[in-house]
Amino acid sequence: MTWEAVEHSVCELGESPRWDERRRCLFWCDIDGRRILRLAADGTLTDWPVHTEPGCLALTEDGWLLVAARDGLHRFDPELATW
């Protein structure tokens with residue numbers, strides 16, 4: 001198995017990478033930076049600031065992200081960028 005760095009952006013504390021096969025992208029959290037990030041297969045990087053520290057995330061069957069944060073569980077819609 002070989003490993004390759006896919007993104008060199010600076011995260012204060014990057015955690016919880018999740019590959020979304022449906023969207024062909026990688027999601028992860030920047031806990032201390034209070035952001036959710038997405039790296040698309042074409043190399044496009046998108047990040048969304050959030051109001052609290054996101055600790056980890058999971059993909060839901062309906063395409064949302066379930067985000068465990070300091071203040072509770074949140075559903076995040078990456079298409080609308082809303083909790």
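These legends walk you through several close-up views of a predicted model. Local features are described where pLDDT is at least 70 and side-chain atom pairs where it is 80 or more, while totals for chains, interfaces and linings use all residues. Residues are numbered from 1 along each chain as its sequence is written, and side-chain values use heavy atoms, with hydrogens and water left out.

**View 1. The four-stranded open sheet runs in the order S1-S2-S3-S4, with antiparallel pairing.** Strands here are DSSP runs of E, at least two residues long, numbered from the N terminus, and two of them pair if DSSP finds at least two bridges between them. Strand S1 (14-20) and S4 each have a single partner strand, so one side of each is left without a neighbour in the sheet. From one strand to the next, the twist averages 20 degrees; this angle, on a scale from 0 to 180 degrees, is taken between the N-to-C directions of lines fitted to C-alpha atoms. Look for strand S3 (residues 35-40), which pairs with S4 over five bridges. Ile36 sits opposite Trp48 of S4.

**View 2. A second open sheet has three strands in the order S5-S6-S7, again with antiparallel pairing.** At its edges stand strand S5 (54-59) and strand S7 (72-76), each with a single partner, so each has one side without a neighbour in the sheet. The twist averages 25 degrees from one strand to the next. S5 is joined to strand S6 (residues 65-69) by five bridges, and Leu59 has Leu65 in S6 as its bridge partner.

**View 3. Ten residues make up the largest nonpolar core.** Such a core is a set of buried Ala, Val, Leu, Ile, Met, Phe, Trp, Tyr and Cys residues joined through side-chain atoms within 4.5 Å; buried means under 20% relative accessible area with a 1.4 Å probe, protein chains only. Members include Ile36, Trp48, Leu65 and Val67. Strand S2 (25-30) and S6 are the elements that give two or more residues, and S2 provides the largest share, three residues. Beyond four places in sequence, Val67 touches nine residues' worth of surroundings listed as Ile36, Pro54, Cys56, Leu57, Gly72, Leu73, His74, Phe76 and Trp83, where contact means heavy atoms within 4.5 Å.

**View 4. Thr52 lies in the loop between strand S4 (45-49) and S5.** Thr52 is buried, with a relative accessible area of 6%. Leaving aside neighbours within four places in sequence, Thr52 is in contact with Arg34, Ala69, Arg70 and Asp71. The side chains of Thr52 and Glu53 share a polar contact of 3.3 Å, meaning a pair of N or O atoms within 3.5 Å, one able to donate a hydrogen and the other to accept it, with sequence-adjacent residues counted only if both atoms are side-chain atoms.

Methods:
Buried < 20%, exposed > 50% of the residue type's maximum accessible area, 1.4 Å probe, protein only.
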